[in-house]
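These are my notes from going through one model. I looked up a few places in turn and wrote down what I found.

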Amino acid sequence: MEKRRLGKTALEVTMLSYGGIKLPNISEQEAAECLNLALDLGINFIDTARNYRDSEEKIGKALHNRRDEFYIATKTSARDARTVEEQLGISLRNLQTDYIDIYQLHTVSNADAWAAVRAPGGAYEAALKAREEGKIGHIGITIHRDKQVMRETIESGLFETIMLCYNPMDAEDVAGEILPLAKEADMGVIIMKSLSGGQLTQPKDRRIAGMGGPDGVVAGTLRFVMQNPHVDVVIPGMQAAHEVEENVAVAENFAPLSRQEHEALLHLIGQLGTELRYGQVCLRCGYCQPCTVGIDIPAVFKAADMKRGYDEKLHYLASEVWESVEVKPDACIECGQCVEKCPAGINIPQQLKEAAELFGN
Ligand code: SF4
Ligand code: SF4
């Protein structure tokens, strides 16, 4: 599998690597099977976080004898130096190692968090000290939303890697400006939420093959992410051996999507909703805009998708998107104008109501 230089860290990482967010969903034995298989198939980078429940512990137990075969990244959501020091100690113990390759300040996704981590006595100070002491190799940051914070963190020059959300549904959030900016600063660009928290996967018993994989949505989505020249590595969460095998196969046979394949991928994503737990899937194309009464329809659906797809601890991010929607769905007069323009065939007024219910409105 192709390896890419992870920006100024100069680490050479496999472009398809292992996201550890789903390890808490499976047993210790299953986690060991998946993680060892990943290394056997050539993956050399594993990402986890202090707050992915027992993910660090499972990685430590499964792979402490193979520590020299992979780079490990973990994260802390703490904002102050003292708590970071405590959490780093726990992460090192859990991972059964004395060195973390990339230590990331996690979910620095709004101005307050950004101010807190770089304040005197803040998280960044502790990360810097840990790097000087040789406990970590590189300092990274993860940001789920807020382009201004993304710009400022990149321009600050404080971080060697940046982790961002990117997938075919939410491409425009970062693709146009932020990814090129990060690359220009020679940061390692790590992509999370490539499968939108698991939403961009087909139900196992009704998978439609395509794009080079048995799940055409997963295969096409991973290729979509990997073909972006500003992306170094994508880290889908994996919780089954077949997922590891299939994702590695996509990366090993990687080729950029043709225009027809890209269209077919969007069509498959649009179809997901008819099979899944709620209506059609919004592609965030924006064709429905402007709404007659000013509802930002794609933003409402984005908030709902985040709430449905993200781990509960990250639901506050969905709430932030929801709060940013000025005209709420209850203003909809059901004029139907948006429905006619939606290529995904979404019953927009109905799904707006369902989205509002998710947020208790
Ligand atoms: S037109 Fe449909 S798919 Fe496109 S953003 Fe609007 S609701 Fe989503
Ligand atoms: S149906 Fe509702 S959401 Fe769609 S354009 Fe009309 S008012 Fe806006």
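**Entry 1: Thr76**

I started with the neighbours of Thr76: leaving out residues up to four places away in sequence, Thr76 touches Val84, Gln87, Tyr103, Gln104, Leu105 and His106. The model is a predicted one, and I read everything below with that in mind. Thr76 belongs to strand S5, which covers residues 71-76. Is Thr76 buried or exposed? Thr76 is buried, and its relative accessible area is 0%. The cut-off for buried is under 20%, so Thr76 qualifies with its 0%. I also checked the side chain for polar partners. A polar atom of the Thr76 side chain lies 3.0 Å from the backbone nitrogen of Ala78.

**Entry 2: helix H2**

Next I looked at helix H2, residues 55-63, and asked how many of its nine residues are buried. The count is seven, and I noted H2 as mostly covered. The buried residues of H2 are Ser55, Glu56, Lys58, Ile59, Gly60, Ala62 and Leu63. What do they pack against? I found helix H1 (28-40), strand S4 (45-47), S5 and helix H3 (81-95). S5 is the strand that holds Thr76.

**Entry 3: the sheet**

I then traced the strand order. Eight strands form an open sheet, in the order S3-S4-S5-S6-S7-S8-S9-S10, with parallel pairing. Which strands stand at the edges? They are S3 (18-19) and S10; each has a single partner strand, so one side of each is left without a neighbour in the sheet.

**Entry 4: strand S8**

I took S8, residues 161-165, and checked its burial. Five of its five residues are buried, so S8 is largely enclosed by the rest of the structure. In a regular strand the side chains alternate between the two faces of the sheet. I therefore listed the two sides of S8 separately, and both are covered. Thr161, Met163 and Cys165 are buried on one side, and Ile162 and Leu164 are buried on the other.

On pairing, I found three bridges between S7 and S8, in the parallel sense. Ile162 in S8 has Ile141 opposite. The path from S7 to S8 includes helix H6 (residues 147-156), and the three make a right-handed β-α-β unit.

**Entry 5: strand S9**

S8 is also joined to S9 by five bridges, and these two strands run parallel. I noted two of the partners. Thr161 stands opposite Gly188 in S9, and Cys165 has Met192 as its bridge partner.

Why did I put S9 down as largely enclosed? Five of the five residues of S9 (residues 188-192) are buried, so the rest of the structure largely encloses the strand. Gly188, Ile190 and Met192 point one way, Val189 and Ile191 point the other way, and all are buried.

S9 pairs with S10 (residues 233-234) over two bridges, in the parallel sense. In S10, Val233 stands opposite Ile190 and Val234 is the bridge partner of Ile191. S9, helix H8 (residues 216-226) and S10 make a right-handed β-α-β unit.

**Entry 6: Glu133**

I looked up Glu133 in the loop between helix H5 (123-132) and strand S7 (136-142). Glu133 is partly exposed, with a relative accessible area of 43%. I took the separation from Ala38 as well: Glu133 and Ala38 are 95 residues apart in sequence and 30 Å apart in space, C-alpha to C-alpha.

**Entry 7: cavities**

Last, I searched the whole structure for cavities. How many are there of 30 Å³ or more? The search finds five. The largest has a volume of about 100 Å³. Its lining is made up of 16 residues, and Cys291, Thr292, Cys332, Cys335 and Cys338 are the closest to the centre. Helix H13 (337-341) and helix H14 (348-358) each supply at least two residues of that lining.

Key:
Residues are numbered from 1 along each chain as its sequence is written. Chains are lettered from A and ligands numbered from 1 in the order in which they are written. This is a predicted model: local features need pLDDT of at least 70, side-chain atom pairs count only at pLDDT 80 or more; totals for chains, interfaces and linings use all residues. Side-chain values use heavy atoms; hydrogens and water are left out. Helices (H or I, at least four residues) and strands (E, at least two) are DSSP runs, numbered from the N terminus. Buried means under 20% relative accessible area, exposed over 50%, partly exposed in between (1.4 Å probe, protein chains only). A polar contact is a pair of N or O atoms within 3.5 Å; within protein, one must be able to donate a hydrogen and the other to accept it, and residues adjacent in sequence count only if both atoms are side-chain atoms. Contact means heavy atoms within 4.5 Å. Two strands pair if DSSP finds at least two bridges between them. A crossover is right-handed if, with the strands pointing away from the viewer, the path from the first strand over the helix to the second runs clockwise. On a 1 Å grid over the protein atoms alone, a cavity is a set of points where a 1.4 Å probe fits but cannot get out, and a pocket is an open set with protein on both sides within 12 Å along at least five of seven lines; lining residues have an atom within 4 Å of a point. Grid points are joined across faces, edges and corners, and a volume is the space filled by probe spheres set on the points.
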